[in-house]
Amino acid sequence: MGTPHQVILTVWRRGVKVPVAQRKAPLPFDPAAALHDYAFVRKGSHVSFTVDGTTLFESSNAPDNDLHTIFNAWYPAWQTPATPPQEGTMNVARFSYAAP
């Protein structure tokens, strides 16, 4: 079956060149096969990441400055094969932001 699909959940801080917290979490589905809900909620220095309502990672290392949303789909050079086996797209069907 090969490596299961996974998501990398990362907490960055401005001015720091490495993540302050990170976790690779397996996904029980093919993320390209259907739409799914990915979310993060920050309260103070605590942040939680969820997929389809299930919490996959929590950290108390969230930055205290304003957050900026980035949508990112990439294919790492270290993955085998080194180039994607086929072209792909990332569709964002819905995005919402709620100020504290």
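Q: How much of this protein counts as buried?
A: Of its 100 residues, 18% count as buried, where buried means under 20% relative accessible area, exposed means over 50%, and partly exposed is in between, with a 1.4 Å probe and protein chains only. Please keep in mind that this is a predicted model, in which local features need pLDDT of at least 70 and side-chain atom pairs count only at pLDDT 80 or more, while totals for chains, interfaces and linings use all residues. Residues are numbered from 1 along each chain as its sequence is written, and side-chain values use heavy atoms, with hydrogens and water left out.

Q: Ok, and what is the secondary structure of the protein?
A: The protein comes to zero helices and five strands, and from the N terminus on its elements run β-β-β-β-β. Helices (H or I, at least four residues) and strands (E, at least two) are DSSP runs, numbered from the N terminus.

Q: Which strands form the open sheet, and in what order?
A: The open sheet has three strands in the order S3-S4-S5, with antiparallel pairing. Its edge strands are S3 (38-43) and S5 (54-59), each of which pairs on one side only. Neighbouring strands of this sheet are turned by 20° against each other on average, direction ignored; the axes behind such angles are lines fitted to C-alpha atoms, for helices over the stretch in contact, and the angles run from 0 to 180 degrees between N-to-C directions.

Q: What does "pair" mean here?
A: Two strands pair if DSSP finds at least two bridges between them. As a general point, strands of a sheet pair through backbone hydrogen bonds, either parallel or antiparallel.

Q: So how many bridges join S3 to S4?
A: Six bridges join S3 to S4, and these strands run antiparallel. One of the partnerships is that of lysine 43 with histidine 46 in S4. The hairpin of S3 and S4 has two residues between the strands, and in it glycine 44 takes a positive phi near 65°.

Q: And how many bridges for S4 and S5?
A: S4 (residues 46-51) and S5 pair in the antiparallel sense over five bridges. Valine 51 has threonine 54 of S5 as its bridge partner, threonine 50 stands opposite threonine 55, and valine 47 has serine 59 as its bridge partner.

Q: Which residue takes a positive phi in that second hairpin?
A: That is aspartate 52, in the hairpin of S4 and S5, which also has two residues between the strands. Aspartate 52 has its positive phi of about 50° although it is not a glycine. The residue lies in the loop between S4 and S5, and it is partly exposed because its relative accessible area is 39%.

Q: Back to S4: is the strand enclosed or open, and why?
A: Five of the six residues of S4 are buried, so the strand is largely enclosed by the rest of the structure. Serine 48 is found in S4, and this residue counts as buried because its relative accessibility is 14%.

Q: What does serine 48 touch?
A: Not counting residues up to four places away in sequence, serine 48 touches Ala39, Phe40, Val41, Phe57 and Glu58, where contact means heavy atoms within 4.5 Å.

Q: Switching topic, how do S1 and S2 run?
A: S1 and strand S2 (residues 21-26) run antiparallel and are joined by six bridges. Leucine 9 stands opposite arginine 23 in S2.

Q: Which side of S1 is covered?
A: In strand S1 (residues 6-11), Val7, Leu9 and Val11 make up the covered face, whereas Gln6, Ile8 and Thr10 make up the uncovered one.

Q: Where is glutamine 22, then?
A: Glutamine 22 has its place in strand S2, and it is partly exposed because its relative accessible area is 46%. Glutamine 22 and valine 11 are 11 residues apart in sequence and 6.2 Å apart in space, C-alpha to C-alpha. Leaving aside residues up to four places away in sequence, glutamine 22 touches Ile8, Leu9, Thr10 and Phe57.

Q: Last one: what does the C-alpha trace of the protein span?
A: Along its principal axes the C-alpha trace spans about 40 × 30 × 20 Å. Among contacts between residues at least 6 apart in sequence, 33% join residues at least 24 apart.
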